[in-house]
Structures are given as C-alpha cells and as structure tokens.
Amino acid sequence: MDNKRQTLNELETKASLASTKNALIGIDGFIDKIVHPVDQRNGPGKDYTPITLIEAFGARISSAAGKSANIELAPVVDKLGGNGPIMANAQLAQGLKVRYIGALGKNSVHPLFQDFAQATAAVSIADPGVTHAVEFTDGKIMFGSSTSLEQIDYAQIVDAVGLDTLKALFTESDCIGMVNWTMIPYLSDVFKDFLDQLLPQIPLNPERIFFFDLADPEKRSGEDLRELLGILQRFEHFGKVILGLNYREAQQIATLLDLPHTGKSAESLKALATEIREQLKLDTIAIHPTDCAACATDQGAFYVDGPYSKSPKITTGAGDHFNSGFVTARLIGLSPICALTLATATSGYYVRTARSPSLPQLIQFIQTW
C-alpha cells in the first residue's frame, strides 16, 4: 500500500480526533510583507517582470559592488506572520483547539492579528516584528526586524498571562509548540525557566508533545545552538520532543554535531534524521526540504516525496504548515509515514492556494495528488 492510500485509510478513523486535542503555541509574531523583486518594470501596478530565481537576485546585487543599485520590491500582500501564528492558524484550520501566547501587539493587538487573537484567545506579550519576505520560485529571502522581541522573557510571560493561568494552559495542552528560537534572544532562558519553574508544578503527561522549530539559526553562534540542543533534551522528561528542521537547518545541526550529510536522497535524509535523533536523544526528528520529507522516530526512519509546485502562489509559511500537519498527525495517532504525508500535503495545499487547509480539504488533496 502506498503512503497516500495508507494516510487516507488512517484519516478515515482518526481525523475526528483532531477536535479533542488542545495545542498551546507561541511565542513570536510578525507582520509579513510579501514582496516580489522587480526585474523589468513595464508599466504601473502589477505590470512588471519579477526576478524569479535567488541566484539572479544575488547576481543583481553583486553587480552593484563598487557602484550602486535600485531594486524595486513590489508589494504583494501584508499578512499575519511569524512561525507561531502561521502554525497556530494552520492547526485551527485542521480542527484543533488552539491557544496562543506571543508578540501580537504591546498595548493593543495589531489589526492584522485581531481575528487570529479572538480565535485563539491569545495573550499578547510584545509588539510584533516586521518581515519583508522576498519570494522567488526556488525559495525566499526574509529581511526581518525583530527588536520588539527582545522584550520577551519568562517574567514578561508570567506577568501577561498570570502564573495560575499559565499552569492551566500547560496542563491541558496535548501539544506545546514554541518556535522561532533564532529571532528571540532570550528564548533559551525562557525554556530553562519552563523546565525549572513551571513544568515541575503541573501533572506529568508522558504523551504530551513538545514541538520546536529553530527558524534558520545560522546567525546564532554554535555555542548558543549547542546549548539550546541540550535544553531540548531536558523536555523529554516531561513528554515527547519533536524537532522540525528544514533542509538548511538540518545541515547546520549536522555540521555542529560532526555528522555527514550527503544530499537529499531518501536514504541520505533518513540517515541524517536518524543520526541527529540518536545524537540528541529526542523522540522525533523531522526534516523537510521543499520537495520531500523524512523523519526518524522510535519506530524507524521514513521518507515521502511531496507534492512540489514549480509555480507556488506563496512560499512564506510553507514550513510552518508542514510543521502543523506533522504535529496534528502525530497528535491524532497517525503513523510516522502518514504524518509525513499529511505534513507535505498541508504545505503543498497552502503554497498552491495561500490558504490553510482543513482535514477534509487535505483528504481531497491527497486523493487527487
């Protein structure tokens, strides 16, 4: 039986469980300004030819060395952004009960987050950052400003949420997802405070999932990243840790751990996920390049090809939708290979439509994949 048919069979009996699961997601928030770099301007508005490849964009920038250049960034849309809000929105669409803590506005919630904040009974702890997401057909480059996120620490969270409420949220959550470590300077300290001060005070739930996403840690030092990986290991005492990595992040961690990484073939990705899992002693490692995905769990290593789109409508948030699909799948009891299939389908649906899919929509998408 192929992975798509197996996924449809498992969803037939388990999709309804999504509405019984509680997720607590945080902790960032960004205003995403999606833009296209202009190659040739032919007229006003949308009458332009975009630069479609990152290499061509890089060449345009390099050609300005010693001179100067004016590169137009044509606006496409301003939207709710940040790894946390996008993942939480996707899990809402999949039927989970989702609560959110994050940077949605310091004194009042930013208008772009109003509906999201209402749907997740969100608690805002800081102003959102701003990202200019320059999109290409072969990837994206994110130019971010995140000074406001420097305010986020454990005391700020407790002050905004209330300690008793925070304990209750952690207690009732089947999944706790804390993402965008790279952009939040004190998030490692927040994690240590969760481990030392909060989690020991709530009932132990060995089945609770802790999900983490690093968000391109290249700008953080190897020492910072190594410390974080040690912190993530400690969460295994309180549940099951899933670490989600795009291919670039997986390469960075492999280099840090002196592990070989030989490419994106099925066997190479499965081996890399397995080696990272064994080194870090975490429950699950999921690696998702743009056109496939692999994971390693205590049941073994698994790989699927994804529904790659050569002409995506949007790419910003694709990884967050993968994460949502994978975590939701594991929460409702899907097997690892079916979790990968649902995750790649979630991302594939999103990049084609710019909308977060429901489980019925994903079932239809997988049927016609």
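The following paragraphs describe an open sheet and two helices, α9 and α10, in a predicted model. In this predicted model, local features require pLDDT of at least 70 and side-chain atom pairs count only at pLDDT 80 or more, whereas totals for chains, interfaces and linings use all residues. Residues are numbered from 1 along each chain as its sequence is written, and side-chain values use heavy atoms, with hydrogens and water left out.

The open sheet comprises nine strands in the order β6-β5-β1-β9-β10-β11-β12-β13-β14, with mixed pairing (helices, H or I of at least four residues, and strands, E of at least two, are DSSP runs numbered from the N terminus; two strands pair if DSSP finds at least two bridges between them). The edges are occupied by β6 (123-124) and β14 (300-305), each of which has a single partner strand, so one side of each is left without a neighbour in the sheet. β6 pairs with β5 (residues 97-102) in the parallel sense over two bridges, and Val-123 of β6 stands opposite Ile-101.

Helix α9 (residues 247-256) is mostly covered, seven of its ten residues being buried (under 20% relative accessible area, with a 1.4 Å probe and protein chains only). These are Tyr-247, Glu-249, Ala-250, Gln-252, Ile-253, Ala-254 and Leu-256, and they pack against β10 (209-213), α8 (222-234), β11, α10 and β12 (contact means heavy atoms within 4.5 Å). At the start of α9, a side-chain oxygen of Asn-246 comes to within 3.2 Å of the backbone nitrogen of Arg-248, and the helix is followed by Asp-258, whose phi is positive, near 60°.

Helix α10 (residues 266-280) lies across β11 (240-246), β12 (284-288), β13 (292-297) and β14, and runs at about 35° to β13 (axes are lines fitted to C-alpha atoms, for helices over the stretch in contact, and angles run from 0 to 180 degrees between N-to-C directions).

Methods
Buried < 20%, exposed > 50% of the residue type's maximum accessible area, 1.4 Å probe, protein only. Polar contact = N/O pair within 3.5 Å; in protein donor to acceptor, adjacent residues only side chain to side chain.
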